[in-house]
Amino acid sequence: MSLFPEHNSNILQFTPFTFEPPPVDYSQFEGISSFPSSTQFYEASVITEAFLKEDAYLGKGKGKQVEENDLKPETRKQTIFLNPLFEYDSNFWSTSNQSTGVKFHPTRSKDFACYVFGKEPKEKVKKESFTLDTQIYNCSLVHDIDSRRVFYNEAFSIFREAARAPFSKEWREKSMREKLLCDISWNYVNAIVNHIKSLQEIPIKDKQIQNEISTFRDMMAIWELCRIMYFIKSERYQRLSTDLLTWLNECYPLGALTEEELNELRDSPNLRNTVAFWSRLYKLILRGLFPQAINFLRSIIMAVEITSDQIINREIIINDIIQSVIKCIKSRPKMSSYDTGLAWRNWLSQCSQLQKSIILENKFLEENFIMILKILSGDPDAILAKSSSWLEGLVALVYHKYPKCETSDVRSTLGPVFIRFSVHPDPTSQALKRIFYQRIDDALGYCKHIDPWLLSHLTDLLCKTDLDETIGGKSLLLHQHREGYLIKFAEPLLTHSTLWQVGFKYLEHCEKFGKVFMEEFVGKIPFDNERKFEKILKICEDNGLKFDEKCIITTMGTKYMQIKRYASTIIYYMRAGKDESLKAICNIFLTQYVESGKIMFSEVLDSIPVDKNSNESVNFLSRYRLYHSLIQDEFYVQAAQVLVECLRSEISPKEFWGVLLFHTVPLMKLGRRKGIKLFEKIHIDEFIYYCSQVLDKRIEDSWLKLVQRMKRWHYKETGYFDISEDLNPVKIECERYKKNLEKNHSV
């Protein structure tokens with residue numbers, strides 16, 4: 001290695017370190033007709049806040065040192081800025097190839113196509129008034145992640161708890177395992193509810209917040225239905241029919257009365273004959289909201305006034321029927337009790353008898369009372385006729401007709417429901433329909449259009465619940481897709497300023513493919529301080545990412561090299577095993593000595609733990625500094641020994657051997673003058689040999705440059721001897737010292 005390289009040499013040219021990607025010279029793309037086939041090339045920009053940015057650098061590459069780009073003025077004008085806003089319209093964008101990225105035009109270097117979630121590429125050709133930054137499509141996920149930061153942190157703590165569950169003692173026993181899984185599911189639901197509450201507390205709700213609230217309500221509906229249909233029950237839950245009714249009222253509550261209904265009720269002289277009253281009462285009965293239904297019925301009990309016997313008898317009969325219906329509602333058996341078969345049959349018999357006994361002159365009232373009793377006794381036609389949606393009809397049918405059914409029985413009740421009702425094509429409705437059909441793989445396919453968090457975490461918990469593959473079955477892909485869903489969710493987190501560690505933790509729980517994706521993304525994490533740097537290194541160490549660990553350490557060393565913090569640079573390069581880079585740094589210090597004649601790296605070496613196992617270039621610097629310290633303290637014998645060691649090691653550049661040979665001249669003169677034996681005859685012979693190596697034609701230019709620099713300070717007037725390019729002072733003194741040794745030996 002040359003101490004003074006030519007202008008075109010890259011040995012000592014260290015890369016300026018930044019965290020920005022470099023500007024791109026589009027001329028290099030002229031005539032290119034093909035692009036990378038991997039979709040990762042284009043998907044990467046979804047999670048990158050600045051895909052291409054002006055005056056920037058390219059992040060760490062696999063096995064390649066960062067290279068500086070010298071831009072021409074015309075190149076700077078062609079820099080593309082990509083910092084898009086996330087907008088996703090499922091009705092507009094294609095469901096295939098959902099990705100974001102930029103491709104340069106295959107034949108026109110100044111044109112490009114921007115792909116947003118995979119529909120059709122939109123291209124713009126060059127025009128006179130054309131500016132690049134107006135062609136960018138907004139598609140960043142950063143704002144959405146920021147708004148969910150608290151939720152993601154809370155959800156990850158639950159996810160970590162779920163990951164530890166299989167290693168706990170409770171997992172071994174089935175009943176304890178069931179309770180543990182249900183508790184985890186309950187914690188997830190609480191996290192979703194807490195996030196909805198935090199969004200609702202925002203005083204001004206724009207369209208994005210409203211969409212977020214709607215999304216999380218859909219997530220809660222799907223999650224809770226999966227808990228009811230698939231997750232094993234614990235003692236906190238009741239029968240399936242009761243659970244479904246509770247789920248319907250919580251996730252899809254009965255809305256308030258409309259303005260028109262309120263006016264109708266307010267203006268009606270007799271609520272008994274009001275359609276809006278009975279419509280509301282049907283909803284309350286269908287949804288099992290019996291306390292409210294009883295209050296409604298009591299509101300139409302009229303006090304009997306003494307007018308005529310016929311009117312009195314009619315009012316008494318109606319009041320008695322209302323009281324009988326209320327009594328029937330109150331006496332309905334609770335499905336949470338164990339032995340309800342006989343009680344249920346007796347109660348149905350009472351409803352049937354009451355229904356047959358209702359005969360009124362007011363046929364409107366008679367029909368409504370009979371309809372209520374039919375709903376209570378589980379008449380499918382009556383239930384579906386008064387239901388306003390397929391969900392309401394299905395749950396009411398299960399609750400009133402099949403209160404003791406199990407999850408496997410729900411599928412058989414779907415036929416009549418879907419004959420009467422159609423299901424909306426939105427992903428949430430379709431997912432709920434598949435869950436009721438117990439086709440969980442199809443349901444998860446629709447969940448991917450709702451939210452990646454829901455898809456990944458629901459799949460993960462279902463896999464833990466489905467130990468015997470009884471949910472999906474061996475032919476389905478529930479277990480195979482788990483890691484893919486987690487990785488897809490974790491990707492946007494990896495470049496987030498605060499959630500990147502959470503993203504890597506998710507990848508750590510992907511046994512098959514997590515390490516591959518960690519290798520892909522760990523080098524893209526910007527670290528602007530040592531604390532973050534050490535966290536990234538810890539991730540590499542914990543997951544066996546040796547190559548990435550080495551690259552990151554090298555990058556950190558390069559950063560400190562740019563700001564000339566040489567001690568830190570050397571420490572990181574030593575950790576990374578970058579021997580060539582360390583040799584180049586040491587040559588910088590040797591060059592400083594050649595230029596000034598001063599040791600300027602003492603403080604640097606004081607900050608570095610140097611031992612026999614340290615890098616040989618760093619060890620050489622340490623020994624060379626020791627030589628100067630010994631000379632200064634007049635320990636000439638020890639200084640001569642260290643100087644011989646430095647020369648014999650042949651670690652420094654060959655032209656620097658001449659500097660070491662120049663150091664031998666004053667020592668040999670001192671030894672002759674004071675009669676001190678500082679060198680042996682073998683050392684003198686070695687000095688002559690090294691003189692011939694320094695005068696080698698192959699390093700002649702570098703050697704001449706070195707001597708010219710040393711002559712600026714190394715001459716007789718400054719206390720040194722005059723040096724020359726032919727090393728004659730060294731050769732002459734070697735001959736004199738050798739004769740002096742022979743003379744002393746003969747004596």
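Student: At what angle do helix α25 and helix α26 pack?

Tutor: Happy to start there, keeping in mind that this is a predicted model. Helix α25 covers residues 546–562 and helix α26 covers residues 566–576. Their axes lie 8 Å apart, and the packing angle is about 165 degrees.

Student: Is α25 roughly parallel or roughly antiparallel to α26?

Tutor: The angle between the two helices is about 165 degrees. Angles over 145 degrees count as roughly antiparallel. That makes α25, relative to α26, roughly antiparallel.

Student: Which residues of α26 make the contact with α25?

Tutor: α25 passes α26 in a left-handed crossing. From α25, the contact uses K550, I553, T554, M556, G557, T558, Y560 and M561. By class, the residues of this contact are eight nonpolar, five polar and two charged. On the α26 side the contact is made by Y566, S568, T569, Y572, Y573, R575 and A576.

Student: Are α19 and α20 roughly parallel or roughly antiparallel to each other?

Tutor: Let's go through it the same way. Helix α19 (residues 440–447) and helix α20 (residues 452–465) have axes that come within 9 Å and cross at roughly 155 degrees. The cut-off for this class is an angle over 145 degrees. The two helices, α19 and α20, are therefore roughly antiparallel.

Student: How many charged residues does the contact of α19 with α20 have?

Tutor: α19 passes α20 in a left-handed crossing. α19 brings I440, L444 and C447 to the contact, while α20 brings L454, L455, L458, T459 and L462. Sorted by class, seven of the contact residues are nonpolar, one is polar, and the number of charged residues is zero.

Student: Turning to the rings, what kind of aromatic pair do W247 and Y252 form?

Tutor: The structure holds 40 aromatic pairs, so there is plenty to look at. W247 and Y252 have ring centres 5.8 Å apart and planes at 70 degrees. Planes over 60 degrees apart fall in one named class. The W247 and Y252 pair is edge-to-face.

Student: Is Y252 buried or partly exposed?

Tutor: Its partner W247 has a relative accessible area of 1%, so W247 is buried. Y252 has a relative accessible area of 25%. Buried needs a value under 20%, and exposed needs one over 50%. Y252 is therefore partly exposed.

Student: How many residues apart are W390 and F436?

Tutor: The ring centres of W390 and F436 are 6.0 Å apart with planes at 85 degrees, so this pair is edge-to-face. W390 sits in helix α15 (residues 390–401) and F436 in helix α18 (residues 427–436). Both W390 and F436 are buried. The pair links distant parts of the chain, with a separation of 46 residues.

Student: Where does E650 lie?

Tutor: E650 has a phi near 55 degrees, which is positive in a residue other than glycine. With 40% relative accessibility, E650 counts as partly exposed. E650 is found in the loop between α30 (636–649) and α31 (657–674).

Student: And L727, is L727 buried or exposed?

Tutor: L727 is not a glycine, yet its phi is positive at about 60 degrees. L727 lies in the loop between α33 (700–710) and α34 (728–746). Its relative accessibility is 0%, and the cut-off is under 20%. L727 therefore counts as buried.

Conventions
Residues numbered from 1 in each chain as written. Predicted model: local features only at pLDDT ≥ 70, side-chain atom pairs only at ≥ 80, totals over all residues. Heavy atoms only, no water. Axes fitted to C-alpha atoms, helices over the stretch in contact; angles between N-to-C directions. Helix = DSSP H or I, 4+ residues; strand = E, 2+ residues; numbered from the N terminus. Parallel < 35°, antiparallel > 145°, perpendicular 65-115°, else oblique. Left-handed = near helix turned anticlockwise from the far one by under 90°. Contact = heavy atoms within 4.5 Å. Nonpolar A, V, L, I, M, F, W, Y, C, P; charged D, E, K, R; others polar. Phe/Tyr/Trp six-rings, centres within 6.5 Å; stacked < 30°, edge-to-face > 60°. Buried < 20%, exposed > 50% of the residue type's maximum accessible area, 1.4 Å probe, protein only.
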